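Work through the exercises below with the sequence and the coordinates at hand. Each task is followed by a solution that goes step by step.

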Amino acid sequence: MSKKMLFSLLGCLVLALIWLHANPVQSSSRGFPAREANGSWTLASQGMYGGVVQTLAVSPNFAGDQTLFAGTEGGGVYKSVNGGAVWTASSSTLPNASIKALAISPGFATDKTIFAGASDALHYGVHKSTDGGATWSRMSNGLGTNSIKALAISPNYASDQTIFAGTALGGGVFKSVDGGASWQAVNSGLVNLNILTLAISPNYASDKTLFVGTGQGLYRSTDAGASWTQVGPGFSSAIVTALAVSPDYASDKTVFAGASTGRIYKSTDGGATWNDVSGTIAGNYPYAIGITPTYAADHTVFALTGVGMYKSTDGGATWSVVLVTNTATISQSIAFSPNYSADHTIFVGMFGHGVYRSTDGGNAWQQVKQGMTNVTIRALVRSPNFTSDSTLFAAGRFGGVYRSTDAGRTWLEKNAGIPNRDIWAMAISPAYAADHTLFVGSDRGGVFKSSNAGDAWQAVNTGLSDKRVFALEISPNFVADKTLFAGTFTGKMFKSTNAGASWSDISAALPGSRIQVIRSSPNFASDQTLFIATMGGGVYKSTSAGASWQAVNNGLTDMNIYDLAISPNFAGDHTLMAATFGGIFKSTDAGASWTKLTTGSAPAYATVAVFSPTYASDATVYVASSFVYRSTDGGNTWQQLDIAPWRGTYVLDLAPLPGSPQALLAAVQSLGVWSYGGTSATATPTPPSAMTATPTPTPTAGVNPTHTPTPTPTYTPTLTPTLTSTTATPTPYPCWELVQNGDFEAGEWAPWGKDGLVAPGPGRNSLTAAQFVGDNDAHGELWQRVVLPEVTDSAMLRFWWRAESASEQPGDGMEVILQYGDEQFDKLLVLPAQEPLFTWRPEELDLRAYAGRRVDLTFLAHTDHAIPSLFLLDDVSLEVCGAYRLYLPRTER
C-alpha cells in the first residue's frame with residue numbers, strides 16, 4: 001500500500017470518528033435495561049461483621065508487627081495489624097474474590113510478599129502482593145485459568161523463589177521458581193489431579209519433600225515435585241482434605257493427614273507407614289490439621305471438624321474438644337503465632353463467623369471479626385414505624401440477626417438465644433412499636449421469637465415437625481389474630497394462631513416443593529388471602545388462610561419462583577410480581593393469570609422482586625439479580641441502578657426505604673448490605689489502634705461450648721440517620737456498540753476450534769445464534785477484536801446463552817475470556833453445562849477495568865470425554881460510553 005493510500009485511509013477513519021462523535025451510534029441493548037445515571041452503591045455493613053474465612057496466614061514477624069491475613073469467600077483478603085482485633089479489606093485489586101489459599105513469605109518483614117489463591121471464575125489463579133496486601137497482581141503465566149485450592153511456599157523463598165500451587169478441578173500441581181512470574185505443571189506420578197491440600201517440609205532446601213492430598217489418595221515427592229509416589233495404603237482411595245508436617249520433620253519425620261471418611265492418620269517415618277489416630281474424632285469430616293511450632297516439646301496437634309476443634313497433647317494418641325461448633329460455625333482453617341512458645345496464640349477461621357482467637361493454647365476462645373463485612377444476608381426487614389424509629393433488621397446465613405437503629409448506617413449483632421445462626425427468613429410484627437416482636441426461621445433450628453426487639457430469642461417449635469424453615473409470613477392483623485405462617489425446605493406449610501406458641505400442618509394439596517417465600521394480602525383480615533412461591537411447583541394461592549390451596553400458574557413458564565411480591569394496594573390493583581430465572585412475571589388479577597415482562601428493556605431474570613411502600617402513588621417496583629433495576633411505571637420500562645460493585649454474585653433481598661424514592665438497601669451474597677441513594681455510613685469502620693478486646697475467661701474442664709460475644713469497641717461513630725438523595729448526573733460521553741454482528745446473522749466473528757464446533761443454530765427469537773456443537777473431548781471458540789475507549793464511563797458486556805446437556809459433571813462448560821497483550825488472558829466467567837438447561841439466560845459483565853485496551857473478546861466452549869453438551873450464544877452486546885481514541889487494528893491472531 002502506498003503512503004498516499006495509507007494517509008487517505010487514515011483521513012477517512014478520522015472523519016468517520018468525528019462524525020460518530022457528533023452522531024453517536026445508538027447501541028442496541030438487545031433486551032437489557034439502560035443504566036440510570038443518578039445514584040451509586042455504598043457499603044452499609046458497619047457492625048455487620050463475620051463471613052466465611054477459608055484460610056489464614058500469620059506474619060513470621062508476628063511478635064513485632066501483629067500482622068495476619070484472612071482469605072474469605074466472596075470478600076477477598078482481609079488484613080489485621082493488631083493481632084486480629086480489627087480487620088480491613090486488603091483486596092482493592094481483588095474485589096469479591098473467593099480466596100482458598102494464602103502463603104506468606106518467610107521474609108515478609110522485609111519483602112512484604114504474600115500470595116493468594118483464588119477459586120472463583122472471575123479471579124481464578126494465583127495473585128501476588130509485594131506491599132503487604134495493599135495491591136495484588138495476577139501471576140498466571142503457565143498457570144492458565146485454574147482455580148487454586150492450596151499453596152505452599154519454600155522455607156528458603158528468599159533464595160530459591162519457589163512456590164507450589166494445587167488446583168481444584170483437575171489441573172494438578174504447579175511449581176514456580178521465579179516468585180510466581182511463571183509456572184509449570186509437575187504432575188508426574190499423580191493419578192488424581194484434583195488437589196485439596198499441600199504441605200512442604202521445613203527442610204525443603206535439603207530434603208526436597210512435599211505432600212499433596214488429592215481426590216483419591218495422598219502423594220509424596222522427594223525431588224521438589226518432579227515426581228510423585230502414592231503413600232498411605234490405609235486410605236489410598238480416600239479424599240485427603242487436611243495435611244500437617246511437623247516443624248521438626250528432619251528429626252521426627254511426623255506427618256498428619258485427614259480424610260473425608262472422618263479419619264485422622266499419622267506417620268512417623270515420612271509417610272512410609274501410617275496409623276489411624278482418629279480416636280474420638282472418628283466420623284467427623286476434618287477440615288484442617290495444625291501442629292504447634294513447639295511440637296517437639298509439647299506434642300500438641302489440633303484437628304478442625306464439622307463439630308468443633310479437637311486438641312491432642314500426646315501426638316494424637318488421645319483427643320479432647322476445646323471449641324464446640326455446629327453446622328453453622330464450622331472451623332475451616334488454623335494458624336499459629338510463630339512465637340507460640342511465649343504467647344500461646346492460635347487463630348481459627350470460621351464458616352460464617354470470621355475468626356476466633358485463643359491466647360492460652362486453645363482452652364479459651366474469643367471472636368475477633370471487627371471490620372469483616374463479607375457476611376451473607378438473606379432477609380432485610382424494615383420497622384413499620386421506620387420514618388420515626390429508623391429501625392432495620394437483617395438476618396443471614398451463619399451470621400444470625402443484626403439490628404440497626406440509624407437507618408442502616410451501623411448494625412449490632414442480636415443473637416442471644418439462637419444457637420444455630422443459619423437464618424433464612426424473618427418477619428416483624430405490624431405492631432412492632434408496641435410489642436417489639438420478631439420471628440426468624442432457621443435451617444434445622446426451626447422458628448425463634450423475640451419480644452424485646454431482638455435482644456433475646458427463644459425457640460417456638462411446638463408442633464413444627466420440620467425445622468428447616470426457609471420462609472415466614474406474619475398476618476397484617478397479627479395484633480388481633482396472632483397468626484403466623486412458616487414454610488420449609490421440604491415443602492411443608494405450618495400455621496400458628498397463638499403467636500408461635502404452637503403450630504399445625506397445613507400442607508395438604510401442596511406439591512412438596514421447597515417453599516421460597518410466603519406473602520399475605522394487606523387485607524388478610526377480610527380476604528384471608530395467602531400466596532406461596534415454590535421451587536419447582538410455581539405459585540399457590542389460598543383464600544381461606546391456608547385451609548385449602550390451588551395452583552395459580554397460568555402463564556408462568558418457569559415454576560422455580562425465587563421471589564414473589566404483592567402490591568401494597570392489592571385490594572385495588574390485584575397485582576403480583578414473580579421473580580424467576582426464566583423471566584419476570586406480572587399478574588393483575590390476583591394470580592389468575594401471569595404475563596412475562598418482555599417490553600421496555602425488562603430484565604430477563606431476577607432473584608428478588610419488591611414493591612415500593614408507596615406503590616399506589618409512585619408505581620415503583622424493584623427487581624434484582626446480579627444488578628438492581630427499578631421501574632416507575634409498574635414494570636413497563638426499567639433502568640439499572642448504576643454499576644453494581646459486587647460483580648459476580650447475586651442480590652438476595654431488597655428493602656426500599658420511605659422518605660426518598662432513591663433510598664434502597666440491597667443484601668448481597670457474601671458481601672453484606674449495600675445502600676443506594678439514601679443511606680451510607682459516614683464514620684470510619686476502624687476504631688483507634690489502642691482498642692483492645694476483653695479476654696475470655698478460661699472455661700471449666702477446658703471446654704467452651706458457648707462462644708464469647710464480640711467485644712464492644714471503645715469508640716462511638718458519629719452518625720446521622722437522616723436520609724439523603726442524590727442529584728442525577730447525565731452520562732458525560734456518547735455511547736457506542738463495539739460488537740459487530742452480535743446476533744450472529746452475518747460475519748465479523750473469527751472461529752477457531754476442533755471437530756467443527758462452531759455452527760449456526762436456532763436463536764432466542766427463531767433467528768440465528770452461534771452453536772457450539774459439543775462433541776466428546778472437544779473445544780471451539782468465537783472471538784472478535786474490540787478497542788475500548790481510554791476514557792470510559794461504562795462498559796457493559798451483555799449476552800444470552802443456553803446449555804443443552806445430560807452431563808452432571810463440571811467438565812463441560814462455556815467460558816468468557818479476554819486476551820490483551822501477547823500472552824495475557826483473563827477468564828471473566830465460567831458457565832457450566834449442568835444448569836440452567838434448555839433455557840436462555842442472560843449475563844452481564846462490567847469491562848471498565850479494560851479501558852484504553854485492545855482486547856480479543858472470546859467465547860470458548862469445551863467438553864470432556866464423557867457426555868457431549870451443546871451451547872448456544874446470541875445477542876452479544878458491548879455497550880461503551882466514553883471518549884473514543886483512534887487505534888489501527890492488528891489483523892494477526
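**Exercise 1.** In this predicted model, find which residue of E43 is the bridge partner of Lys 495, and then trace the pairing of the neighbouring strands.

*Solution.* In E43, Lys 495 has Ser 504 as its bridge partner. This bridge belongs to the pairing of E42 with strand E43 (residues 504–505), which is antiparallel and extends over two bridges. Turning to strand E41 (residues 484–488), one finds that four bridges join E41 to E42, and that these strands also run antiparallel. Here Lys 495 of E42 appears again, as the bridge partner of Phe 485. The hairpin of E41 and E42 has four residues between the strands, and within this hairpin Gly 491 takes a positive phi near 90 degrees.

**Exercise 2.** Decide which residues cover the two faces of strand E42 (residues 493–496).

*Solution.* Sort the residues by side: Met 493 and Lys 495 belong to one side of E42, whereas Phe 494 and Ser 496 belong to the other. All of these residues are buried, and both faces of the strand are accordingly described as covered.

**Exercise 3.** Classify the ring pair of Trp 424 and Phe 470 and the ring pair of Phe 336 and Tyr 340 from their geometry, and place the rings as buried or exposed.

*Solution.* The structure holds 20 aromatic pairs. One of them joins Phe 336 and Tyr 340, with 5.7 Å from centre to centre and 85 degrees between the planes, and this pair is edge-to-face, because planes over 60 degrees apart fall into that class. Phe 336 counts as buried at 13% relative accessibility, and Tyr 340 is buried with a relative accessible area of 5%. For Trp 424 and Phe 470, the ring centres lie 4.1 Å apart and the planes stand at 15 degrees, so this pair is stacked. Trp 424 lies in strand E36 (residues 423–428) and Phe 470 in strand E40 (residues 469–474), so the pair ties together parts that are 46 residues apart in sequence. Trp 424 is counted as buried because its relative accessibility is 13%, and Phe 470 is buried with a relative accessible area of 5%.

As an extension, ring pairs also link Tyr 562, Phe 581, Tyr 605 and Tyr 650 into a cluster. Arginines lie over ring faces as well: Arg 138 over the face of Tyr 124, at 4.1 Å from the ring centre, and Arg 468 over the face of Phe 489, at 4.2 Å from the ring centre.

**Exercise 4.** Determine which strands stand at the edges of the open sheet that contains E7, and describe the setting of Thr 55.

*Solution.* Begin with the strand order, which is E7-E8-E9-E10 in an open sheet of four strands with antiparallel pairing. Strand E7 (99–104) and strand E10 (137–138) stand at the edges with a single partner strand each, so one side of each is left without a neighbour in the sheet. The partner of E7 is joined through five bridges: strand E8 (residues 114–118) runs antiparallel to E7, and in E8 the bridge partner of Leu 102 is Ala 116. Leu 102 also leads to Thr 55, since neighbours within four places in sequence left aside, the contacts of Thr 55 include Ile 99, Lys 100, Ala 101 and Leu 102, and also Phe 69 and Ser 333. Thr 55 has its place in strand E3 (residues 50–58), and Thr 55 is buried because its relative accessible area is 9%, which falls under the 20% cut-off.

Terms used:
Residues are numbered from 1 along each chain as its sequence is written. This is a predicted model: local features need pLDDT of at least 70, side-chain atom pairs count only at pLDDT 80 or more; totals for chains, interfaces and linings use all residues. Side-chain values use heavy atoms; hydrogens and water are left out. Buried means under 20% relative accessible area, exposed over 50%, partly exposed in between (1.4 Å probe, protein chains only). Contact means heavy atoms within 4.5 Å. Rings of Phe, Tyr and Trp (its six-membered ring) pair if their centres lie within 6.5 Å; planes under 30 degrees apart count as stacked, over 60 as edge-to-face and the rest as tilted. A charge sits over a ring if NZ of Lys or CZ of Arg is within 6 Å of the ring centre and within 35 degrees of the ring normal. Two strands pair if DSSP finds at least two bridges between them.
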